[in-house]
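Hello,

Here is the structure I promised to pass on to you. Have a look at it first, and then read on for what turned up in it.

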Amino acid sequence: MIKFFRKIRQRLLSENKFSKYLIYAIGEIVLVVIGILIALSINNWNEENKESNKVKSLLVALKNDLAQDTLLINENLPEVKKQLNLNESLRARVANPDATIDTLIKIVRFEFNPNWDNPVLYNTNAYNSLVETDLIEQLTDSMKLKIKNFYNQKFYLNGMVKDITQDYRSKIRSYVDTYTFGSTSLHDQGKLIDSIVWSKIDLQDLAAKFQGMSNFKRIVFRLSKNDLEYSMENSKKLIGELDKYIDENNN
């Protein structure tokens with residue numbers, strides 16, 4: 001093709017047909033420019049297609065993350081509710097007008113378990129990738145808003161749980177260094193140590209520490225319950241929205 005154009009140029013120049021050569025040269029430049037534009041268009045199309053495929057892959061990964069989260073929540077939410085109800089029942093027994101010092105000692109010695117860890121670590125890799133690569137901006141405003149609103153609220157609730165859990169742990173440190181408790185086999189200290197610890201105790205200190213811990217534990221479990229229930233309900237909704245979006249944009 002290049003040889004063909006070269007021969008045309010040489011023939012026009014040899015025949016002194018400058019005006020025709022000039023028109024030909026302009027035409028050749030136009031063809032080159034058109035070729036470049038076509039190549040750029042193809043390259044842009046390829047890049048857009050690659051980005052589109054990346055977005056689809058991340059949306060599928062996001063769906064999988066949400067599905068995994070719902071499984072984790074299904075496993076842990078019943079225990080959170082159980083522990084919340086147990087803590088409330090223990091508080092109610094201590095607050096009962098007929099409660100005695102023996103009631104308090106029995107509860108904190110044999111029934112109350114101060115230990116607790118945040119049960120769920122959410123899967124956020126796909127969402128983080130969408131945001132960090134800026135590919136989330138490729139979505140429609142509606143879809144982008146649904147995803148961001150969900151995760152912003154999810155992170156907010158989970159952050160509150162983590163913060164209050166840290167505060168709660170600081171509350172139990174002095175308690176576990178002072179008193180034994182027998183509501184879990186992991187902390188079975190044996191009858192000898194247990195009897196020595198409880199042979200002489202500061203009732204005022206015990207009552208104050210139990211009140212403080214049970215108050216914080218109430219807040220921890222209520223926040224955990226709210227966090228898990230929000231994520232469960234809205235994860236299912238978002239999965240449905242993602243399915244619909246992927247189907248509509250599956251070219």
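The side chains of Lys-237 and Glu-233 form a salt bridge, with 3.4 Å from N to O. Both residues belong to helix H7, where they sit four residues apart, about one turn of the helix. Glu-233 is partly exposed, at a relative accessible area of 46%. Please keep in mind as you read that this is a predicted model.

Another group of charged residues is worth finding on your screen: Glu-137, Asp-141, Lys-144 and Lys-148 are joined into one network by salt bridges that share partners. One of its links runs between Asp-141 and Lys-144, whose closest N and O atoms are 3.7 Å apart. These two are three residues apart in helix H5, so about one helical turn separates them. Is Asp-141 buried or exposed? With a relative accessible area of 60%, Asp-141 is exposed, whereas Lys-144 has 15% and counts as buried, because the limit for that is under 20%.

In total there are 13 salt bridges. One that reaches further along the chain is Lys-81 with Glu-229, at 3.8 Å from N to O. Lys-81 is in helix H2 and Glu-229 in helix H7, so this pair ties together parts that lie 148 residues apart in sequence. Lys-81 is partly exposed at 34% relative accessibility, and Glu-229 is partly exposed too, at 28%.

Now for the overall picture. The chain has seven helices and zero strands, which gives the pattern α-α-α-α-α-α-α along the sequence. Of its 251 residues, 32% are buried. Among the contacts with a separation of 6 or more, 83% are between residues 24 or more positions apart. The accessible surface comes to about 15,700 Å², and carbon and sulfur atoms account for 55% of it.

Next, the inside. In soluble globular proteins, nonpolar side chains tend to be buried together. The largest nonpolar core here has 29 residues, and the members that touch the most others are Val-108, Phe-112, Tyr-168, Tyr-175, Leu-206 and Leu-228. Helices H2, H3, H5 and H7 each supply at least two residues of this core. Which helix gives the most? That is H7, with eight residues. Apart from this core lies another, of 22 residues, including Ile-136, Met-143, Tyr-151 and Leu-157.

Leu-206 is a good residue to click on. It is found in helix H7 and is buried, with a relative accessible area of 0%. Leaving aside neighbours within four places in sequence, Leu-206 is in contact with Leu-104, Ile-105, Val-108, Tyr-175, Tyr-179, Trp-198 and Ile-201. Leu-206 and Val-108 are 98 residues apart along the chain, while their C-alpha atoms are separated by 8.5 Å. Val-108, counted in the same way, touches Tyr-175, Thr-180, Phe-181, Trp-198, Leu-206 and Phe-210. Also in helix H7 is Ser-214, which is buried at 0% relative accessibility and touches Asn-87 and Arg-91, again without residues up to four places away.

The aromatic residues deserve a look as well. There are nine aromatic pairs. For Phe-112 and Phe-210, the ring centres are 5.3 Å apart and the planes are at 75°, so the pair is edge-to-face. Phe-112 is in the loop between helix H3 and helix H4 and Phe-210 is in helix H7, so the pair ties together parts 98 residues apart in sequence. Phe-112 is buried at 1% relative accessibility, and Phe-210 is buried at 2%. Tyr-175 and Tyr-179 make another pair, with centres 5.2 Å apart and planes at 35°, so this one is tilted. Both of these tyrosines are buried. Elsewhere, Tyr-127, Phe-150, Tyr-151, Phe-155 and Tyr-230 form one aromatic cluster.

Two lysines lie over ring faces. Lys-154 is over Tyr-122, at 3.8 Å from the ring centre, and Lys-217 is over Phe-112, at 5.0 Å from the ring centre.

One last spot to visit is Asp-134, in the loop between H4 and H5. Asp-134 has a positive phi of about 65° although it is not a glycine, and it is partly exposed, with a relative accessible area of 46%.

Enjoy exploring!

Definitions and conventions
Residues numbered from 1 in each chain as written. Predicted model: local features only at pLDDT ≥ 70, side-chain atom pairs only at ≥ 80, totals over all residues. Heavy atoms only, no water. Buried < 20%, exposed > 50% of the residue type's maximum accessible area, 1.4 Å probe, protein only. Contact = heavy atoms within 4.5 Å. Phe/Tyr/Trp six-rings, centres within 6.5 Å; stacked < 30°, edge-to-face > 60°. Lys NZ or Arg CZ within 6 Å of the ring centre and 35° of its normal. Areas by Shrake-Rupley, 256 points an atom, 1.4 Å probe, with all protein chains shown as cover. Core = buried A, V, L, I, M, F, W, Y, C linked by side-chain atoms within 4.5 Å. Salt bridge = Lys/Arg side-chain N within 4 Å of Asp/Glu carboxyl O.
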